[in-house]
Amino acid sequence: MARRSRHRLLLLLLRYLVVALGYHKAYGFSAPKDQQVVTAVEYQEAILACKTPKKTVSSRLEWKKLGQSVSFVYYQQTLQGDFKNRAEMIDFNIRIKNVTRSDAGKYRCEVSAPSEQGQNLEEDTVTLEVLVAPAVPSCEVPSSALSGTVVELRCQDKEGNPAPEYTWFKDGIRLLENPRLGSQSTNSSYTMNTKTGTLQFNTVSKLDTGEYSCEARNSVGYRRCPGKRMQVDDLNISGIIAAVVVVALVISVCGLGVCYAQRKGYFSKETSFQKSNSSSKATTMSENVHWLTPVIPALWKAKAGGSRGQEF
């Protein structure tokens with residue numbers, strides 16, 4: 001009895017699976033597939049393949065590019081947008097003749113066809129990666145530097161995909177990433193970062209004078225910036241001492257000139273002149289007061305006489 005019940009249970013499970021598969025097929029829920037990744041070099045061709053059953057007369061095909069907004073690539077049996085001029089359909093697949101970096105992204109093909117139990121829909125997703133060669137990198141090289149100081153040279157490219165690695169050249173000769181492996185005639189105090197493109201001299205010396213250029217390279221190609229010369233000079237101590245002496249002499253001469261003027265009395269003469277000028281102004285004012293003294297009583301008398309005449 002136990003065995004019979006087990007067999008019945010297994011038969012029920014099998015029937016349930018058959019029904020479920022039939023439902024799955026009737027309403028077109030396709031089984032999950034491994035996502036495709038297509039890699040193409042910029043300005044070359046790429047094929048986006050749609051892994052679905054063979055095309056039939058009643059099949060309906062659509063290609064869409066996914067992202068923040070979904071856009072049609074192939075719709076109503078016609079390529080859309082700029083794909084009209086640089087792509088073609090091969091069965092369910094799209095052949096892009098001239099890939100650009102703006103084509104990178106996720107694409108989805110949708111194939112629908114009528115079936116006995118309804119509309120069957122199958123989907124497939126393809127990711128397109130576009131490889132781009134580096135452009136001419138921008139290089140920052142100082143034209144001059146003082147020996148013993150820290151100097152950093154920079155190199156950067158913003159277009160390469162994958163991200164490029166950087167190499168520095170001095171006078172056309174490649175600099176080693178590990179300077180201690182080089183010859184003794186070069187400065188071994190620099191540090192090169194091939195990922196960020198920096199070349200740093202911890203203590204730059206006159207041996208580092210030369211023309212520097214940088215190369216950006218990835219799996220697609222490489223480009224190099226024009227060379228720029230960096231001149232390293234020693235600190236001119238004798239010139240600094242001479243300048244200090246000259247400034248000291250100028251200050252001394254000015255001080256001696258002031259002392260000489262004081263001894264000759266140039267500053268005292270100016271003071272006496274100011275004093276004489278102020279005394280002359282005081283004398284003038286006193287003279288004016290003396291002149292007005294006899295005049296004032298006469299004016300008072302004249303005023304008094306006039307008032308008496310009015311009374312009579």
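A charge sits over a ring if NZ of Lys or CZ of Arg is within 6 Å of the ring centre and within 35 degrees of the ring normal. With that in hand, here are some close-ups of this predicted model.

**Figure 1. Two arginines sit over aromatic rings.** In one spot, Arg86 lies over the face of Phe83, 5.0 Å from the ring centre. In another, Arg224 lies over the face of Phe169, and here the distance to the ring centre is 3.8 Å.

**Figure 2. Arg86 pairs with Asp103 in a salt bridge.** We met Arg86 over the ring of Phe83; now look at its acidic partner. The closest N and O atoms of Arg86 and Asp103 are 2.7 Å apart. Asp103 belongs to the loop between β7 (93–96) and β8 (105–115), while Arg86 is in helix α2 (residues 83–86), so this pair ties together parts that are 17 residues apart in sequence. Asp103 has a relative accessible area of 3%, so it counts as buried. Arg86 is buried too, at 12% relative accessibility.

**Figure 3. Salt bridges that share partners build a network.** Start with Glu110 and Arg108, whose salt bridge brings N and O to 2.9 Å at their closest. Glu110 is buried, with 11% relative accessible area, whereas Arg108 counts as partly exposed at 22%. Shared partners join these two with Arg60, Glu62 and Lys64 into one network. Within it, the side chains of Lys64 and Glu62 meet in a salt bridge of 3.9 Å, N to O. Lys64 counts as buried because its relative accessibility of 15% is under 20%. Glu62, at 9%, is buried as well. Across the whole structure, a search turns up 15 salt bridges.

**Figure 4. Tyr190, Phe201 and Tyr212 form a cluster of rings.** The whole structure has three aromatic pairs. In one of them, the ring centres of Tyr190 and Phe201 are 5.9 Å apart and their planes meet at 65°, so the pair is edge-to-face. Tyr190 is in strand β15 (residues 190–193) and Phe201 in strand β16 (residues 198–201), so to speak distant parts of the chain, 11 residues apart. Tyr190 is buried at 8% relative accessibility, and Phe201 is buried at 1%. Phe201 also makes an edge-to-face pair with Tyr212, at 6.1 Å centre to centre and 75° between the planes. That second pair links strand β16 to strand β17 (residues 210–217), where Tyr212 is found, again across 11 residues. Tyr212 is buried, with a relative accessible area of 1%.

Technical notes
Residues are numbered from 1 along each chain as its sequence is written. This is a predicted model: local features need pLDDT of at least 70, side-chain atom pairs count only at pLDDT 80 or more; totals for chains, interfaces and linings use all residues. Side-chain values use heavy atoms; hydrogens and water are left out. A salt bridge is a side-chain nitrogen of Lys or Arg within 4 Å of a carboxyl oxygen of Asp or Glu. Buried means under 20% relative accessible area, exposed over 50%, partly exposed in between (1.4 Å probe, protein chains only). Helices (H or I, at least four residues) and strands (E, at least two) are DSSP runs, numbered from the N terminus. Rings of Phe, Tyr and Trp (its six-membered ring) pair if their centres lie within 6.5 Å; planes under 30 degrees apart count as stacked, over 60 as edge-to-face and the rest as tilted.
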